[in-house]
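I opened this notebook to record what I looked up about the aromatic residues and the cysteines. The entries follow the sequence and the structure.

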Amino acid sequence: MKKLILIALIFTGLKIKSQVITSTLSVKGNCDDCKKRIENAADIKGVKDFIWDKKTKIATVTYSSDKTSLIEIEEAIAKSGYDTENAKGHDKAYNKLPKCCKYRTEKCEKD
């Protein structure tokens, strides 16, 4: 009985190790300014690395699964006005983007 209690105490004291996950996701955007905004928006707790490719519109993200999730990362990007696979960019933030970053029109309109 003492061994059983000791084993139970050992297992309850163990911390489940987090996984570091690397995923890709689609993020709409146009230019280098978009790249900066998108990458800054994804800089949340748990994100180890985030790189967005403006040509492919694909982001590669590495994150700790015990601190954040892909959905939380996508929502952080959406709050900055950018559409992702699973989260629509917030319209208020999108409307504040410079003309060149209005990706929903499919073109970069310089002032």
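**Entry 1: aromatic cluster**

I found that Tyr82, Tyr94 and Tyr103 are linked into a cluster by ring pairs. I note at the outset that the model is predicted. My search of the whole structure returned 2 aromatic pairs. I took the pair of Tyr82 and Tyr103 to begin with: the ring centres are 5.5 Å apart and the planes lie at 20 degrees, so I entered this pair as stacked. I then checked where the two residues sit in the chain. Tyr82 is in the loop between helix H3 (70-79) and H4, Tyr103 is in the segment after H4, and the pair, 21 residues apart, links distant parts of the chain.

I turned next to Tyr94 and Tyr103. Their ring centres are 5.1 Å apart and their planes are at 85 degrees, so I entered this pair as edge-to-face.

**Entry 2: burial of the tyrosines**

Are the cluster members Tyr94 and Tyr103 buried or exposed? I recorded both Tyr94 and Tyr103 as buried. For Tyr103 the relative accessibility is 4%. Tyr82 also counts as buried, with a relative accessibility of 0%.

**Entry 3: charges over Tyr94**

Which charged end sits over the ring of Tyr94, 4.1 Å from its centre? I identified that of Arg104. I also listed Lys102, which lies over the face of Tyr94 at 5.0 Å from the ring centre.

**Entry 4: surroundings of Ala93**

I located Ala93 in helix H4, which comprises residues 91-95. Excluding neighbours within four places in sequence, I obtained Lys79, Ser80 and Gly81 as the contacts of Ala93. For Gly81 I compared the separations: Ala93 and Gly81 are 12 residues apart in sequence, and their C-alpha atoms are 4.5 Å apart in space.

**Entry 5: cysteines**

How many disulfides does the count come to? I obtained 0 disulfides. I then examined Cys34, which is in no disulfide; its nearest cysteine sulfur belongs to Cys101 and is 3.4 Å away. From the other side, Cys101 is in no disulfide either, and its nearest cysteine sulfur is that of Cys34, at 3.4 Å. Why did I not enter this pair as a disulfide? The cut-off requires the two sulfur atoms to be within 2.5 Å, and the distance from Cys34 to Cys101 is 3.4 Å, so the pair does not meet the cut-off.

I closed the entry with accessibility. Cys34 is buried, at 0% relative accessible area. Cys101 is buried as well, and its relative accessible area is 0%.

Definitions and conventions: Residues numbered from 1 in each chain as written. Predicted model: local features only at pLDDT ≥ 70, side-chain atom pairs only at ≥ 80, totals over all residues. Heavy atoms only, no water. Buried < 20%, exposed > 50% of the residue type's maximum accessible area, 1.4 Å probe, protein only. Helix = DSSP H or I, 4+ residues; strand = E, 2+ residues; numbered from the N terminus. Contact = heavy atoms within 4.5 Å. Phe/Tyr/Trp six-rings, centres within 6.5 Å; stacked < 30°, edge-to-face > 60°. Lys NZ or Arg CZ within 6 Å of the ring centre and 35° of its normal.
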